[in-house]
Structures are given as C-alpha cells and as structure tokens.
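Student: I should like a close look at one part of this model, taken slowly and with every term explained. Please then place that part beside other features of the chain.

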Amino acid sequence: MNIGLFGGTFDPIHKGHLALAHAARDRCQLGTIHFVTANLSPQKSEQPMASYFHRYAMTALATQGEKGIVPSLLEAPGEFVLHDKKNARTSVATTPSYSIDTIRKLKATLRKTDRLFFLIGIDAFKDIAKWRQPDALFAECDFIVASRPGYSLADVATALPEKLRPRAEVTKPFSKQPAKGDLVLPGATVHLLDDVNQKVSATAIRTAVAAKKPIRKFVPESVEEYIKKEGLYFRRSS
Ligand code: ATP
C-alpha cells in the first residue's frame, strides 16, 4: 500500500493542509496519510503558540471523517509542560523531532511491500537541504511537493541536497516550462502537485483570531469551535 506522512506544526491545522493531502492522495493513490503534529520544529525559529496537545486535538478534529487520513502521535512530547502565564503560552521542554527519525519510526511499523511518501509544501521544501541527513530522507521515501501561492515549483530541483541535485545543463531546457509531473533522479523521486492553490497560512489565522476577525473560511468548523472554546491565539505571538 502507498502510505503518506505529512508533518507540520499545525498551529492551527487549516484547509491548505487538507487540500495538499487530498491532492497527494489522489495523485499517488495513498491508502493512509499520517498527519504528524510536530512537537518542536527544528525548521522554525519561533516555537508554536499553542501547546502540542491543543495542536494535536485540532488535527484529530480536522481529520475526523477524512477518508484514509489519520492523526499521528509519532512526535508526541515527553512529560515536561511549561506554562508561561505572562505570554499566555504553553510549551513542552523536549528536543526537536527530526523528520529522518519520524520517517524511520513510521517505516518500522509498515509492511515490506508498503511504499512511503513524504508530503510537503514548496515553501518548506526549499530548505530541505538544511534538514538533518537530507540524502537519507530521499533514500527512505518518495517526496510529494505541493505548490503554494507565492512560491514557485520551478525551484524544486535546485532545492535538492547537493549530491542529488541534477546538473544545470539537465534542468535548464525545462526551466521555462511549468513544473509538473515527476522528477526521477538517482537517489530521489519527487512528485510535483502543481494545482494546490490555497491562499491560507497558520500565521494569518493566528493574526485574524487576535484581531477578532472571522476564520471560518480557513479552517474546518470543528477547529474554529475548538479555537473559540479554548481561547487560543487571542494574543499576538510577537
Ligand atoms: P505558519 O504560517 O505558522 O508558518 P503554515 O501555514 O506554513 O504555518 P505548517 O504547519 O508550518 O503551516 O505547514 C506544514 C506543511 O504544510 C508544510 O510542508 C507547508 O509547506 C505545508 N503548507 C501549509 N500551508 C500550505 C498551503 N496553503 N498550501 C500548500 N502547502 C501548505
């Protein structure tokens, strides 16, 4: 079976995340997609505003009733919860989770015949070469990279870790064409989703909540309700 792993801070989860997962599911016939709520993200300098537990709860709510999509506790934190009353923030004092470890943890639970796909947006993929053990990430699974308003999928090949990057002579003739299809290279397979076009980000949602603006069109109703009931994001993060 084809299995997807989709990691994110999900602070909060939103319709852009779900649109990416739907497009990936259809394109690569994914039987199950694990939505892995990150504890602390090594990629982000600012840590999440809502606690792991709230973000996981919202992920569980948003994926309820979504065919084949399951919330995952693979990056669940340890037991040290810090509450900063002054900034109305709760955080958990553990080390960041690295994707290579999460991928290997998930693979240990799969069958030999299963094939793993790592789902990611182009904004995050642009930094993939800086992630821990980048070459190993591509050896462990296929990548599915989705478009996102404001970013170009044409940057996919140049974002690859140096050892896996195709020579400029190879990619140049294609640089003027729209980036779509599959990029199959020695050591890396990348499937491009060029039709994900959701103008939404978790940052914009947090800002809207703090400004008492509606967020209904960006998140499932259950997530909107949860944010209201728990009073999340009512203060600006910075
Ligand atoms: P923030 O605004 O806090 O940085 P975010 O909206 O980018 O958050 P994350 O949880 O950091 O959400 O993203 C998890 C993954 O989802 C990343 O791979 C990111 O590229 C992708 N993603 C998030 N929003 C979109 C979107 N609107 N379209 C396509 N991909 C997206």
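Student: Is the crossing in which α2 passes α9 left-handed or right-handed?

Tutor: This is a predicted model, in which local features need pLDDT of at least 70, side-chain atom pairs count only at pLDDT 80 or more, and totals for chains, interfaces and linings use all residues. Residues are numbered from 1 along each chain as its sequence is written, and side-chain values use heavy atoms, leaving out hydrogens and water.

The crossing of α2 past α9 is right-handed; that is, the near helix is turned clockwise from the far one by less than a right angle, whereas an anticlockwise turn would make it left-handed. Helices here are DSSP runs of H or I with at least four residues, strands are runs of E with at least two, and both are numbered from the N terminus. Helix α2 covers residues 52-63, and its axis lies 9 Å from that of α9 at a packing angle of about 150°. α2 is therefore roughly antiparallel to α9, a term for angles over 145 degrees. The axes are lines fitted to C-alpha atoms over the stretch in contact, and angles run from 0 to 180 degrees between N-to-C directions. From α2, the residues His54, Ala57, Met58, Leu61 and Ala62 meet Ser222, Val223, Tyr226, Ile227 and Glu230 of α9, where contact means heavy atoms within 4.5 Å.

The loop between α8 (202-210) and α9 (221-230) contains lysine 212. Although lysine 212 is not a glycine, its phi is positive, at about 60°. Most residues other than glycine have a negative phi. Lysine 212 counts as exposed because its relative accessibility is 77%; exposed means over 50% relative accessible area, buried under 20%, and partly exposed in between, with a 1.4 Å probe and protein chains only.

Glutamine 29, in the loop between α1 and β2, likewise has a positive phi, of about 45°, without being a glycine. Its relative accessibility is 57%, so glutamine 29 is exposed.

Strand β1 (residues 2-8) has six of its seven residues buried, so the rest of the structure largely encloses it. β1 runs parallel to β2 (residues 30-37), joined to it by seven bridges; two strands pair if DSSP finds at least two bridges between them. Five bridges also join β1 to the parallel strand β6 (residues 115-121), where asparagine 2 stands opposite arginine 115.

Definitions and conventions: Angles under 35 degrees count as roughly parallel, over 145 as roughly antiparallel, 65 to 115 as roughly perpendicular and the rest as oblique.
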